[in-house]
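Reader: I should be grateful for a close examination of a single part of this model, taken together with its setting in the whole chain. Please state the cut-offs behind each term as it arises.

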Amino acid sequence: MHTCPVCQQGLEKRQSDYGVFWACPGCGKWLLALTTLRRTVEPSFYSRLWQEARAQEQGAGTDCPLCKKPMNQVHQERSEGDPLLYQFCKGCLQCWLGPGERAALPLQAQPETVQPPEPPKEELPQEALQLLAL
């Protein structure tokens with residue numbers, strides 16, 4: 001089980017339309033894989049955040065709940081309130097988000113559920129239909 005580095009509570013596994021993530025019941029922070037984040041937010045926003053995190057040599061943020069190494073921090077200024085702080089673990093390819101950061105994410109449209117096509121209905125020859133009718 002993974003532990004929250006902020007409040008030391010066990011993280012709970014959860015499922016969303018975009019993928020699996022881990023949530024802290026105490027502080028409300030989430031740990032999600034970068035693949036899930038990429039499916040969740042606008043591509044340009046994701047790309048900018050990840051490129052900025054990758055450019056940093058060494059992490060200076062909270063310890064990653066998985067590998068315990070310091071995560072890389074990406075600050076985003078806002079017109080109102082405190083700046084947002086996104087944290088990325090380059091080794092585990094995870095993102096650590098608080099409620100404020102999640103609320104500010106520019107989300108993509110929810111993924112559509114793709115239904116498999118119905119198999120084509122095979123038409124029986126007229127003779128076979130007559131035999132079945134008898």
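Author: The account below begins with conventions and the overall chain, and then turns to one glycine and its surroundings.

Residues are numbered from 1 along each chain as its sequence is written, and side-chain values use heavy atoms, with hydrogens and water left out. The model is predicted: local features need pLDDT of at least 70, side-chain atom pairs count only at pLDDT 80 or more, and totals for chains, interfaces and linings use all residues.

The protein chain contains four helices and six strands. Both are DSSP runs numbered from the N terminus, helices being H or I of at least four residues and strands being E of at least two. In sequence order the elements follow β-β-β-α-α-β-β-β-α-α. The C-alpha trace spans about 80 × 35 × 30 Å along its principal axes. The radius of gyration of the protein chain is 23 Å, whereas a compact globule of 134 residues would have one near 14 Å. That radius is taken over C-alpha atoms, and the globule rule is 2.2 Å times the number of residues to the power 0.38.

Of the 134 residues, 31% are buried. Here buried means under 20% relative accessible area, exposed means over 50%, and partly exposed lies in between (1.4 Å probe, protein chains only). The protein chain exposes about 9000 Å², of which carbon and sulfur atoms supply 52%. These areas come from the Shrake-Rupley method with a 1.4 Å probe, and for residues only the protein chains shown count as cover.

The part chosen for close inspection is the segment before β1, where G10 lies. G10 has a relative accessibility of 27% and therefore counts as partly exposed. Leaving aside residues up to four places away in sequence, G10 touches M1, H2, T3, A23 and P25; such a contact means heavy atoms within 4.5 Å.

Q8 belongs to the segment before β1 (12–15) as well. Its phi is near 65 degrees, a positive value in a residue other than glycine. Most residues other than glycine have a negative phi. Q8 is exposed because its relative accessible area is 54%. A positive phi also occurs at K68, where the angle is near 70 degrees. K68 sits in the loop between α2 (43–55) and β4 (72–76), and its relative accessible area of 48% is why K68 is classed as partly exposed.

The strand that follows the segment of G10 is β1 (12–15). The side chains of E12 and R14 meet in a salt bridge at 3.0 Å, N to O. A salt bridge requires a side-chain nitrogen of Lys or Arg within 4 Å of a carboxyl oxygen of Asp or Glu, and by this rule the count comes to one. E12 has a relative accessibility of 35% and so counts as partly exposed; R14, with a relative accessible area of 35%, is therefore partly exposed too.

Distances from G10 to later residues place the segment within the chain. G98 is 88 residues from G10 in sequence, and their C-alpha atoms are 16 Å apart. G98 lies in the loop between β6 (94–97) and α3, and its 3% relative accessibility is why G98 counts as buried. P106 is 96 residues from G10 in sequence and 28 Å away, C-alpha to C-alpha. P106 occupies the loop between α3 (99–104) and α4 (126–133) and, with residues up to four places away set aside, touches T40, V41, E42 and F45. At 27% relative accessibility, P106 is therefore partly exposed. E127 is 117 residues along the chain from G10, with 67 Å between their C-alpha atoms.

A residue in strand β4, V74, offers a further point of reference. V74 has 0% relative accessibility and so counts as buried. Beyond residues up to four places away in sequence, V74 touches L49, E52, A53, Q56, L84, L85, Y86 and F88. The C-alpha atoms of V74 and R48, 26 residues apart along the chain, are separated by 9.8 Å.

Returning to the chain as a whole, 42% of contacts between residues at least 6 apart in sequence join residues at least 24 apart. The mean positions of the 13 positive and 15 negative charges are 10 Å apart. Lys and Arg count as positive and Asp and Glu as negative, while His and the chain ends are not counted; each charge is placed at NZ of Lys, CZ of Arg, CG of Asp or CD of Glu.
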